[in-house]
Amino acid sequence: MRTVLITGANKGLGFETAKQLAQAGNFVYLGSRDIINGQSAAGKLKAAGITNVAAIHIDVTDINSIRKAKAELENSVGALDLLINNAGISGEQPQYIAEYSMEAIRALFETNYFGAVQTTQVMLPLLRKSSAPSIINVSSEIGSLTMQTSAERPPNWSNFSTYGATKTALNGFTVMLANELRGEHITVNSVTPGYTATDLNQFKGFKTVEEGAKAIVQLAMLEDRSITGRFFKDGGEIPW
Ligand code: NAP
C-alpha cells in the first residue's frame, strides 16, 4: 500500500483526489490547515467505508506546521511514496499584475509557490525512503506560457494574471526539481485539473470535482517511472 500526502485535501479537488486514491488502495493523509476540517473530511470518507485515510495538520505557509507533519509521518509510516502539492488560493479578482497590491501578490505566491516549495523541501527525506517516490504539483492551464501567448487565449484570463504567474512559477519549480532529482529516480510532474467547480472559483468551473480530479489521479497512478518534468491534463499533455 503506497502512502500519499495531499495538501489542502479537506475539500474540493484535494478531497476528491484523496477519496479516489484511497479507493484505489493507497493510504492517504489528508493535509488540512484547519485540523478540525481535515478530521471532518477524513470522517466523511470513513463513514463511506473508506478507512485507509487520516487527517494531518499542514498549513503550507507555516514551516513549523510542515515540520511537525513530517515528524508525525516519520513516526507513523517512516516513508512517503507520493506528495501532491494541491493547496492553493485564487485571490480576489480582477488581479491585474500591473496594479494588484504587492501584499496580495506576495500572499498568492506564499501559498501557491513557496508553500509547495517548502512542503517539498521538508518532505524530501521521507520521499527518499520510498522505493518509487513521486511529487505532483497541481498547476493550471492559466500558468501555461504557451497558452497565455496563443491567439486563442480567453480575454478574461487577465482577471487571474497574478494567480497565473504563481502557477507559471510552480511549473518552473516542477521542471527544475525534476532535473535535480532525476538521478535519484524521484519523479516530479505538473498537472492541471481544468476549470472545475470548487470554492476557488465560487463553483463557476465547468467540470465536476470527479472530472477535475481525474487528471491528478491518472498521474498519481502512473507506473512508468521514466515520466518526469512534464505537464499533464486529463488524457494527455499540455504545453508549458
Ligand atoms: P478549493 O476547493 O478552494 O480547495 C483549496 C484547498 O487548499 C483547501 O483545502 C484549502 O484549505 C487549501 N489551502 C489554501 N491555503 C492553504 C494553506 N496555506 N495551507 C494548506 N492548505 C491550504 O480549491 P480547488 O479548486 O480544489 O483547488 C485545488 C488546487 O487545484 C489548487 O492548487 C488550485 O489552484 C488548482 N486548480 C483548480 C482549478 C479549478 O478550476 N478549481 C483549476 C486549475 C487548478 P481551506 O479549506 O482551509 O481554505
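This is a short talk about one protein model and the ligand that sits in it.

Before I begin, please keep in mind that what you have in front of you is a predicted model. I will start with the sheet, then turn to the ligand, and end with a handful of single residues.

Let us begin with the sheet, which is built from 8 strands in the order S3-S2-S1-S4-S5-S6-S7-S8, and which is open, with mixed pairing. At its edges stand strand S3, residues 53–57, and strand S8, residues 236–237, each of which pairs on one side only.

If you look for strand S1, residues 3–6, you will find that S1 pairs in the parallel sense with strand S2, residues 27–32, over 4 bridges. Within that pairing, valine 4 has valine 28 of S2 as its bridge partner. S1 also pairs with strand S4, residues 82–85, again in the parallel sense, this time over 3 bridges, and here leucine 5 stands opposite leucine 83 of S4.

Now, what is there to say about the two faces of S1, and are they covered or open? Both of them are covered, since Thr3 and Leu5 on one side and Val4 and Ile6 on the other are all buried. This fits a general pattern that is worth remembering, namely that in a regular strand the side chains alternate between the two faces of the sheet.

S1 and S2 belong together in another way as well, for S1, H1 and S2 make a right-handed β-α-β unit. Further along the sheet, strand S5, residues 134–138, runs parallel to strand S6, residues 187–191, and 5 bridges join the two; one of the pairs to look at is asparagine 137, whose bridge partner in S6 is serine 190.

With the sheet in mind, let us move to the ligand. How many residues surround the ligand? There are 28 of them, and the closest are Arg33, Asn86, Tyr163, Thr196 and Thr198. When we sort the residues of this shell by character, they divide into 10 nonpolar, 13 polar and 5 charged.

I would like to point out three contacts in particular. A polar side-chain atom of aspartate 59 lies 2.9 Å from a nitrogen atom of the ligand, while a polar side-chain atom of asparagine 201 lies 3.2 Å from an oxygen atom of the ligand. In the case of glycine 194, it is a polar backbone atom that is found 3.4 Å from a ligand oxygen atom. As for how much of the ligand is covered, on its own the ligand has 890 Å² of accessible area, and the protein covers 94% of that. The elements that give two or more residues to the shell are helix H1, residues 12–23, and helix H6, residues 161–181, and you will recall H1 from the β-α-β unit with S1 and S2.

Let me now come to some single residues, beginning with two that are buried. Isoleucine 66 lies in helix H3, residues 63–76, and counts as buried because its relative accessible area is 0%, whereas the cut-off is under 20%. Its C-alpha is 9.8 Å from that of isoleucine 56, and the two residues are 10 apart in sequence.

Asparagine 189, which has its place in strand S6, is buried too, at 3% relative accessibility. What does the side chain of asparagine 189 reach at 2.9 Å? It reaches the backbone nitrogen of arginine 230, and the side chain of asparagine 189 also reaches the backbone nitrogen of glycine 229, at 3.2 Å.

Finally, there are three places where the backbone deserves a careful look. The peptide bond from glutamine 93 to proline 94 is cis, with omega near 0 degrees, and proline 94 is in the loop between S4 and helix H4, residues 102–127.

Histidine 185, in the loop between H6 and S6, has a positive phi of about 60 degrees although it is not a glycine. Is histidine 185 buried or exposed? It counts as exposed, because its relative accessibility is 60% and the cut-off is over 50%.

Glutamine 202, which lies in the loop between S6 and helix H7, residues 209–220, also has a positive phi, near 50 degrees, in a residue other than glycine. With 49% relative accessibility, glutamine 202 counts as partly exposed.

Note on methods: Residues are numbered from 1 along each chain as its sequence is written. This is a predicted model: local features need pLDDT of at least 70, side-chain atom pairs count only at pLDDT 80 or more; totals for chains, interfaces and linings use all residues. Side-chain values use heavy atoms; hydrogens and water are left out. A residue is near a molecule or strand if one of its heavy atoms lies within 4 Å of it. A polar contact is a pair of N or O atoms within 3.5 Å; within protein, one must be able to donate a hydrogen and the other to accept it, and residues adjacent in sequence count only if both atoms are side-chain atoms. Accessible areas come from the Shrake-Rupley method with a 1.4 Å probe; for residues, only the protein chains shown count as cover. Ala, Val, Leu, Ile, Met, Phe, Trp, Tyr, Cys and Pro count as nonpolar, Asp, Glu, Lys and Arg as charged, and the others, Gly among them, as polar. Buried means under 20% relative accessible area, exposed over 50%, partly exposed in between (1.4 Å probe, protein chains only). Two strands pair if DSSP finds at least two bridges between them. A crossover is right-handed if, with the strands pointing away from the viewer, the path from the first strand over the helix to the second runs clockwise.
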